[in-house]
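I opened this structure to look up a few local features and wrote down what I found. The entries follow in the order I made them.

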Amino acid sequence: MSDVRRVNTGAPWEEEFGYSRAVELPNGLVLVSGCTSIIDGQIAGGGPYEQAINSFNVALAALGRLGLGRDDVVRTRMYLTHARDVEEVGRAHKELFDTVRPAASMIIVSGLVDPSLVVEVEVEAFRGVSA
């Protein structure tokens with residue numbers, strides 16, 4: 001699939017586990033891997049709201065490297081380690097995507113790669129086809 005574009009950010013797990021931060025398919029669909037609130041190797045932001053904002057910003061930065069932005073997002077997935085964080089993560093999502101209104105899912109999971117992390121997000125975007 002030579003028409004597939006990949007974005008790598010240099011995060012250690014990309015190399016260690018063999019994945020790309022984002023992949024753009026020839027049809028214009030862009031898939032962003034799970035993003036957490038790890039910035040420069042450190043967990044940033046303590047609470048669920050802050051971690052959600054940071055996680056989405058990591059995903060949006062990957063989209064930016066492909067020339068896409070928030071308005072191109074068509075689907076989000078939010079993985080939370082606690083149901084009690086639904087309101088805070090939902091508030092962060094609304095703040096970032098209220099005017100975009102992507103399809104969205106919020107899923108409660110038993111844990112993430114680091115116990116300090118309480119939120120992980122995935123984003124899908126679509127590059128519109130020019131007429």
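The entries below cover a pocket, a surface patch, one helix residue and some salt bridges.

**Entry 1, model.** I noted at the start that this is a predicted model.

**Entry 2, largest pocket.** I looked up the largest pocket and found about 510 Å³ of space in it. Its lining is made up of 20 residues. Those nearest its centre are Ala11, Trp13, Arg21, Thr36 and Ile38. I then asked which elements each supply at least two residues of this lining. They are helix H1 (12-17), strand E3 (29-35), strand E4 (38-39) and H2. H2 gives the largest share, three residues.

**Entry 3, nonpolar patch.** On the surface I found a nonpolar patch of about 310 Å², made by Trp13, Phe17 and Val113. Trp13 had already come up among the residues nearest the centre of the largest pocket. I located Val113 in the loop between strand E7 (103-108) and strand E8 (119-126). Is Val113 buried or exposed? Val113 counts as exposed because its relative accessibility is 52%, and the cut-off for exposed is over 50%.

**Entry 4, Asn54.** I went back to helix H2, which spans residues 48-64 and holds Asn54. Asn54 has a relative accessible area of 17%, so I list this residue as buried. What does Asn54 touch, apart from its neighbours within four places in sequence? I found contacts with Ser37, Ile39, Ala44 and Gly45.

**Entry 5, Glu24 and Arg127.** The salt bridge count came to nine. In one of them Glu24 pairs with Arg127, with the closest N and O atoms 2.6 Å apart. Glu24 sits in strand E2 (residues 22-24) and Arg127 in the segment after E8, so this pair ties together parts that are 103 residues apart in sequence. Glu24 is buried at 6% relative accessibility, whereas Arg127 is partly exposed at 27%.

**Entry 6, Asp98 and its partners.** I looked up Asp98 next. Lys94 forms a salt bridge with Asp98, the closest N and O atoms being 3.2 Å apart. Arg101 also meets Asp98 in a salt bridge, at 2.8 Å from N to O. For accessibility I noted Lys94 as partly exposed at 48% and Arg101 as exposed at 61%. Asp98 is partly exposed at 29%.

**Entry 7, network.** I last checked for salt bridges that share partners, and they join Arg5, Glu24 and Arg127 into one network.

Technical notes: Residues numbered from 1 in each chain as written. Predicted model: local features only at pLDDT ≥ 70, side-chain atom pairs only at ≥ 80, totals over all residues. Heavy atoms only, no water. Patch = residues over 30% accessible without salt bridge, like charges linked within 9 Å, V, L, I, M, F, W, Y side chains within 5 Å. Areas by Shrake-Rupley, 256 points an atom, 1.4 Å probe, with all protein chains shown as cover. Salt bridge = Lys/Arg side-chain N within 4 Å of Asp/Glu carboxyl O. Buried < 20%, exposed > 50% of the residue type's maximum accessible area, 1.4 Å probe, protein only. Contact = heavy atoms within 4.5 Å. 1 Å grid on protein atoms, 1.4 Å probe; cavity = no way out; pocket = protein on both sides within 12 Å on 5 of 7 lines; lining within 4 Å. Points joined across faces, edges and corners; volume = space filled by probe spheres on them.
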